[in-house]
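This report describes the packing, the pockets and the charged pairs of one protein chain. The sequence and the structure are shown first.

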Amino acid sequence: FEMYIEVFMISLIIIIVNISGGGVDFVSIDVEGYEYIILNDFDFDKYPVSIFCIEKGDERVKNLLLEKGFRQAAETPANWIFITAEWEKEHRLLLER
């Protein structure tokens, strides 16, 4: 038995532009294995994000974010948390608590 459900999708860039007009502080992505596809097409320079929470699994995601200058700040059983050096510098006191 196969069932197909049509799902409306919208790009991450459209969401960011419509919500914030530019960059955002925090983005969480959990799309059951499609994280790399979303992030590989994302314009990190044009739409800055300070923190990404990404569902663990695809090492290409981790490598891409590291290549884009993010640092893996934490890991939960289900997610990787990546932050920019700029965000870390601005919020160092919060991280040290």
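Two residues are said to be in contact when heavy atoms of the one lie within 4.5 Å of heavy atoms of the other. The structure discussed here is a predicted model.

**Nonpolar cores**

By that criterion, and leaving aside neighbours within four places in sequence, valine 27 is in contact with Leu12, Ile16, Val49, Ile51, Phe52 and Cys53. Val27 is also one of the residues that touch the most other members of the largest nonpolar core, a group that further includes Ile16, Leu39, Phe42, Phe52 and Leu65. This core holds 19 residues. Two or more of its residues come from each of the helices H1 (12–20), H2 (35–40) and H3 (59–67), and likewise from each of the strands S1 (24–29), S2 (49–55) and S4 (79–84). Apart from it lies another core, of 5 residues, with Ile51, Ile81, Ile83 and Trp87 among them. As general background, nonpolar side chains tend to be buried together in soluble globular proteins.

**Pockets**

The largest pocket has a volume of about 360 Å³. Its lining consists of 15 residues, and Met9, Ile10, Ser11, Leu12 and Ile38 lie nearest its centre. Helix H1, strand S1 and helix H2 are the elements that give two or more residues to this lining. The largest share, 3 residues, comes from H1. Sorted by class, the lining of the largest pocket has 11 nonpolar, 2 polar and 2 charged residues.

The second largest pocket contains about 240 Å³ of space. It is lined by 13 residues, and those closest to its centre are Phe44, Pro48, Val49, Phe70 and Thr84. The lining of the second largest pocket divides into 6 nonpolar, 4 polar and 3 charged residues.

**Salt bridges**

How many salt bridges does a search of the whole structure find? The search finds 3. The table gives the partners and the N to O distance of each.

| Basic residue | Acidic residue | N to O distance |
|---|---|---|
| Lysine 56 | Glutamate 75 | 2.7 Å |
| Arginine 60 | Aspartate 58 | 2.8 Å |
| Arginine 71 | Glutamate 88 | 2.7 Å |

In the salt bridge of lysine 56 with glutamate 75, the lysine belongs to the loop between S2 and H3 and the glutamate to strand S3 (residues 70–75), so the pair ties together parts that are 19 residues apart in sequence. Lysine 56 counts as partly exposed because its relative accessibility is 29%, and glutamate 75 is likewise partly exposed at 46%.

The side chains of glutamate 88 and arginine 71 also meet in a salt bridge. Glutamate 88 lies in helix H4 (residues 85–90) and arginine 71 in strand S3, so this pair ties together parts that are 17 residues apart in sequence. Is glutamate 88 buried or partly exposed? Buried means under 20% relative accessible area, and glutamate 88, at 17% relative accessibility, therefore counts as buried. Its partner, arginine 71, is partly exposed at 37%.

The remaining pair joins arginine 60 to aspartate 58. Arginine 60 is partly exposed, with a relative accessible area of 45%. Aspartate 58 has a relative accessibility of 22% and so counts as partly exposed.

Notes
Residues numbered from 1 in each chain as written. Predicted model: local features only at pLDDT ≥ 70, side-chain atom pairs only at ≥ 80, totals over all residues. Heavy atoms only, no water. Core = buried A, V, L, I, M, F, W, Y, C linked by side-chain atoms within 4.5 Å. Buried < 20%, exposed > 50% of the residue type's maximum accessible area, 1.4 Å probe, protein only. Helix = DSSP H or I, 4+ residues; strand = E, 2+ residues; numbered from the N terminus. 1 Å grid on protein atoms, 1.4 Å probe; cavity = no way out; pocket = protein on both sides within 12 Å on 5 of 7 lines; lining within 4 Å. Points joined across faces, edges and corners; volume = space filled by probe spheres on them. Nonpolar A, V, L, I, M, F, W, Y, C, P; charged D, E, K, R; others polar. Salt bridge = Lys/Arg side-chain N within 4 Å of Asp/Glu carboxyl O.
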